[in-house]
Amino acid sequence: MKKIYFIILILSCLSCSKFLEEVPQNKLRPSTTSDYDQLLNNAYITEQIMPFVDMASDDVILKAEDHVMPDQDPSDFMVSAYMWDNTHETTMTSGDKAFEKFYESIFYCNVVIENIQNATGDALDLASVQKTKNNIEGEARVLRAYSYFYLVNLYAAPYDPETAETTPGMPINDLTSAPFQSYRRSSLAQVYKRIVDDLELGIDLMEKNQIGEKSKFKFDVPAAKVLLSRVYLYMHNYEKTIEVASDAIKTNSVLFNLHDMGEVLNDSNNEGSSWSDKTIPGEDYLGVTNPNVLFVNGITEIMPMMSYWPFTTTFSVNPDLAACYEENDVRRFYFMYTYNRDTYAGYRSKLSYAKNRNKGVIISATISAGYTRTIRNEETYLNLAEAYAMNDDNTNALKYLNDLRREKFRNGKYEELQPSDFNDMQSLVDFILLERRRELCFEGHRWFDLRRTTRPAMKRLGYDNREAVLEKDDLKYTFQIPQRELDINPEIGINPR
């Protein structure tokens, strides 16, 4: 019986053209805490859904001369995102899946939140059963907040405390069963309030009702706290960012140390024509077994677009990103690698992504290629550094910057940053944002960091020397609502251009 109603629940969600269109009313419900725990697993998105986020950022460059395939390049479906077209879907044959998938995740979370307190337990101890129910509800609330966070940062304007009450956000819907109706956007302030409320309550429920260590594929308290610190940072609430992030690293402050790899990696061995332990040593920087990694969600977003030869693509790591690493910063050699190959169209040299260092399997978007949607301690240190700097506390800002950077440079070669290195608060903030670019590259942060801070003007060239221009504060820093959602629910409205 259990399998039957799990199938019905899944089909009922997927059968509606989109979550915002309709949710059938005749679903059977799970009944036990184990049922709801398994159901919540369906709310975790395991596939690649938003590769366009990094493609739109300045960490990527398209080299038309690298197009050596007879027909389309395997990554050409990302050209419209790279060129900042009015809609990023222009070249996406399957369309944008992120909107649909995040609302599908929200649906599953809603079902759990609405019903978990009525579930029966697998144990006779009622106190233990209640603790399990509370923990599952907490996890569902955190995951729901995670989905809403991505939705507003993909498809709504950046958060501004002065205008958030009147800025359109995304639709909020808590229903698990409803007739067809149009869904209109809640304000950005309302969506962020929902995100914060869910995170704070979710953390409280999980923290007070611990039921054992969770897999890193599921939210727990430490990962949820880092996510909450990110949300507060985006909201310009620096006091709360500091409070939550400081609490987050009390139990785990581990950073990925690159001192040993600094003895191995250098200019002379940072290029070649193969991928092996000898040519590119090291372990996956975003690996699920790394103690600094708190949460991983879905497979890598940037394969095969940023893969190495011979899986030929025209997208490469932007040389400007490579050039922004300082001397003795090992990340320059750990995150990217130059591949040289003779192709049937001639000799090519490609600066490729190498952060997920799984030997021999990085050429495709599969689970073997690793993860890019991660939450890890390095972000916590950077959130703290930025929040302290924005509060004019240079001492603590530099403390967390130095603590982070010390682990990433060749052993004994790191020179501590000093207050005298910066003319004013803004120059320190600019340096922290550059450090975020270096450390968090290709993990979906860069585009969001650009749009929540300076939204600079940018230019780039595509195929046939076509020029793309992103103006300062361009409205295209917000992605367009997917066409299939506009067709189903025109009330949501297009994003202005």
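Let me start with Tyr232, which, once its neighbours within four places in sequence are left aside, is in contact with Val196, Glu200, Asn237, Lys240, Thr241 and Val244. I should say at once that what you see above is a predicted model, and I will keep my wording to what was computed from it.

Tyr232 sits in helix H8, which covers residues 221–234, and because its relative accessibility is 5%, this tyrosine counts as buried. One of the contacts just listed is also polar, since the side chain of Tyr232 meets the side chain of Glu200 in a polar contact at 2.4 Å. For a sense of scale along the chain, Tyr232 and Asn42 are 190 residues apart, and their C-alpha atoms are separated by 27 Å.

Let me move on to a pair of helices. Two packed helices are described by the angle between their axes and the distance between the axes. Here helix H5, residues 98–115, packs with helix H6, residues 126–155, at an angle of about 155 degrees, and the axes lie 9 Å apart. Angles over 145 degrees count as roughly antiparallel, and therefore H5 and H6 are described as roughly antiparallel to each other. As for handedness, the crossing in which H5 passes H6 is left-handed. On the H5 side the contact includes Phe99, Phe102, Tyr103, Ile106 and Cys109, while H6 contributes, among others, Ile136, Ala140, Leu143, Tyr148 and Leu151, with the charged-looking names Glu137, Arg141 and Arg144 also on its list.

That brings me to the cysteines, where Cys109 is buried, with a relative accessible area of 0%. How many disulfides does a search of the whole structure find? The search finds 0. A disulfide is a covalent bond between the sulfur atoms of two cysteines. Cys441, for its part, is in no disulfide, and the nearest cysteine sulfur, which belongs to Cys324, is 8.3 Å away, whereas the cut-off for a disulfide is 2.5 Å. Cys441 also counts as buried, because its relative accessibility is 0%.

My last residue is Asp58, and the first thing to ask is where Asp58 is placed. Asp58 lies in the loop between helix H3, residues 52–55, and strand S1, residues 60–62. Is Asp58 buried or exposed? With a relative accessible area of 13%, Asp58 is buried, the limit for that word being under 20%. Not counting residues up to four places away in sequence, Asp58 touches Arg437, Arg446 and Arg460, and also Asn318, Leu450 and Met458.

Definitions and conventions
Residues numbered from 1 in each chain as written. Predicted model: local features only at pLDDT ≥ 70, side-chain atom pairs only at ≥ 80, totals over all residues. Heavy atoms only, no water. Buried < 20%, exposed > 50% of the residue type's maximum accessible area, 1.4 Å probe, protein only. Helix = DSSP H or I, 4+ residues; strand = E, 2+ residues; numbered from the N terminus. Contact = heavy atoms within 4.5 Å. Polar contact = N/O pair within 3.5 Å; in protein donor to acceptor, adjacent residues only side chain to side chain. Axes fitted to C-alpha atoms, helices over the stretch in contact; angles between N-to-C directions. Parallel < 35°, antiparallel > 145°, perpendicular 65-115°, else oblique. Left-handed = near helix turned anticlockwise from the far one by under 90°.
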